[in-house]
There are 2 protein chains.
Amino acid sequence: MSVVNEFIEANHIYAAQFQKGSLPLPPGRKVAVLACMDARLDPARILGLEEGDAHVIRNAGGRAADALRSLIISEQLLGTQTIVIIHHTDCGMLTFSDDGIHHKIKQELHADADHIAFLPFTDLEQSVRDDIAFLQGSPLIPDSIEIKGFIYDVTTGKLHTVN
Amino acid sequence: MSVVNEFIEANHIYAAQFQKGSLPLPPGRKVAVLACMDARLDPARILGLEEGDAHVIRNAGGRAADALRSLIISEQLLGTQTIVIIHHTDCGMLTFSDDGIHHKIKQELHADADHIAFLPFTDLEQSVRDDIAFLQGSPLIPDSIEIKGFIYDVTTGKLHTVN
C-alpha cells in the first residue's frame with residue numbers, strides 16, 4: 001500500500017473515535033510552538049498537547065525567519081501570547097551549507113536555488129539564541145510576547161532550556 | 001503554572017517513557033506532510049504517524065510557497081518522495097485579507113508588514129489545488145515527487161481528498 005493510502009486508512013480509525021468537533025479556532029493555551037520538521041520530534045507528544053491547545057509551526061530547523069508570517073497571524077489574529085522554539089540534537093541543518101545545497105540543486109535538478117537562503121547552522125544552542133534574538137528584534141513581534149527556547153534530545157526524549 | 005512550565009512538566013512524563021532513541025535522521029516512510037498550524041489539527045494523530053516516520057512542515061494555511069525551503073531540504077538531502085498537503089475547514093486564512101492585516105499591524109504595532117504576503121485564501125479546495133500546482137510547476141520540485149492534497153474537517157476528524 002502507498003503511504004498516502006496508509007494515511008487514509010489511519011484517518012478512518014482516527015475519525016471513527018473523534019469527539020473534538022466543537023473546538024474554537026484560537027488556540028486554547030494561547031501559545032505558538034515553532035519546531036523543526038524532523039521526523040523524530042512530535043511536538044504534541046513531547047509537550048502534552050491536545051487538539052485545540054496550540055499553534056504548531058514547523059520548518060527545516062525550526063527557524064524563526066521562515067516562520068514570521070505564521071507567528072504574526074498567530075499573535076495578531078488568533079491571540080497567542082507565548083512562542084516556544086524547539087531545535088534538536090542530530091539536526092540535518094548541522095550537516096550542510098548554503099553553497100553545498102545550491103551546488104547540489106544545480107547538479108541534480110539543473111535548476112537554480114541561489115536566491116533561497118536555506119538557513120543551516122553550525123552551533124545548535126546558538127541557533128536557538130539567534131532565533132530568539134531575531135524575534136525579539138522584530139518590530140512585528142510585540143515586546144509583550146514571551147519567547148522561550150529549547151533543545152530537544154532525540155536520543156532521550158528530553159527538552160533542555162536554552163538560556 | 002505558565003504554559004512553558006506545563007510543557008516542561010509534560011516533557012518529564014514523555015521522556016520517562018521514551019524508548020525511541022536510535023531512530024535514523026531520514027524519515028522512515030519517505031514522506032513530507034505539509035499542514036496548517038491550526039491547533040485543532042494534529043498531523044501525527046490524524047495520519048497515524050509514529051516518531052521517525054515523516055517530516056511535518058506546518059505554517060499558517062499549510063501554504064506551499066512558504067514551505068519550499070523545507071521541502072527542498074526534505075527531498076534533496078533526506079530522501080522524501082511524497083508530499084501530502086493538508087488544509088482544513090474553518091481555517092483562519094479564510095477570514096482576512098492582506099490589506100486587512102497590513103492595516104491592523106500599522107494600527108496596533110505601529111510597524112510596516114506590507115512587504116509580507118500573508119497568503120490568505122477565499123476558496124478552501126482551490127487553495128489546495130493552487131498549492132499542488134505551485135509545487136508541480138516549480139523547477140525545484142522534481143516530477144518524480146508524488147503530491148497529494150486533502151482537506152481535513154475539524155468537526156468530524158475526516159480527511160477528504162482534493163482532486
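V31(A) is buried, with a relative accessible area of 0%. It belongs to strand β1 of chain A, which covers residues 31–36. The model is predicted. Chain A averages a pLDDT of 98, and 100% of the residues score at least 70. For the complex, the predictor gives an ipTM of 0.98 and a pTM of 0.98.

**Around V31(A)**

What does V31(A) touch, leaving out residues up to four places away in sequence? In chain A, the partners are D53(A), A54(A), H55(A), T80(A), T82(A) and V84(A). Chain B adds V3(B) and F7(B). Q81(A) is 50 residues from V31(A) in sequence. In space, the C-alpha atoms of V31(A) and Q81(A) are 5.9 Å apart.

**The annotated site**

The unreviewed UniProt entry carries a "binding site" annotation that covers C36(A), D38(A), H88(A) and C91(A). These residues span 56 residues in sequence, yet no two of their C-alpha atoms are more than 8.5 Å apart, so they gather at one spot. From this set, D38(A) is taken into the lining of the largest cavity.

H88(A) sits in strand β3 of chain A, residues 82–88. Is H88(A) buried or exposed? Its relative accessibility is 0%, so H88(A) counts as buried, the limit being under 20%. Beyond four places in sequence, H88(A) touches two other members of the annotated set, C36(A) and D38(A). H88(A) also touches R40(A), L41(A), L124(A), I151(A), Y152(A) and V154(A).

C91(A) lies in the loop between β3 and α4 (98–109) of chain A. C91(A) is buried too, with a relative accessible area of 3%. Setting aside neighbours within four places in sequence, C91(A) is in contact with C36(A), G61(A) and F121(A). Its contacts also include L25(B), from chain B.

**Cavities**

Next comes the empty space inside the model. How many cavities of 30 Å³ or more does the structure hold? There are 4. The table sets out the largest and the second largest.

| Cavity | Volume | Lining residues | Lining by class |
|---|---|---|---|
| Largest | about 230 Å³ | 28 residues | 14 nonpolar, 1 polar, 13 charged |
| Second largest | about 70 Å³ | 13 residues | 8 nonpolar, 4 polar, 1 charged |

The largest cavity draws on both chains. Closest to its centre are D42(A), A44(A), D42(B), P43(B) and R58(B). Which elements give two or more residues to the lining of the largest cavity? In chain A, they are α2 (43–47) and β2 (54–59). In chain B, they are again α2 (43–47) and β2 (54–59).

The second largest cavity also has residues of both chains beside its centre. Nearest the centre lie L78(A), C36(B), M37(B), C91(B) and G92(B).

**A residue of chain B**

K158(B) is in the loop between β4 (146–152) and β5 (159–162) of chain B. K158(B) has 45% relative accessibility, so it counts as partly exposed. Leaving aside neighbours within four places in sequence, K158(B) is in contact with I151(B), Y152(B) and D153(B) of chain B. K158(B) also reaches chain A, through contacts with N11(A) and A15(A). How many residues separate K158(B) and R69(B) in sequence? The separation is 89 residues. Their C-alpha atoms are 29 Å apart in space.

Technical notes
Residues numbered from 1 in each chain as written. Chains lettered and ligands numbered in written order. Predicted model: local features only at pLDDT ≥ 70, side-chain atom pairs only at ≥ 80, totals over all residues. Heavy atoms only, no water. 1 Å grid on protein atoms, 1.4 Å probe; cavity = no way out; pocket = protein on both sides within 12 Å on 5 of 7 lines; lining within 4 Å. Points joined across faces, edges and corners; volume = space filled by probe spheres on them. Helix = DSSP H or I, 4+ residues; strand = E, 2+ residues; numbered from the N terminus. Nonpolar A, V, L, I, M, F, W, Y, C, P; charged D, E, K, R; others polar. UniProt positions renumbered as here; feature names shortened; annotations may be inferred. Buried < 20%, exposed > 50% of the residue type's maximum accessible area, 1.4 Å probe, protein only. Contact = heavy atoms within 4.5 Å. pLDDT = per-residue confidence, 0-100.
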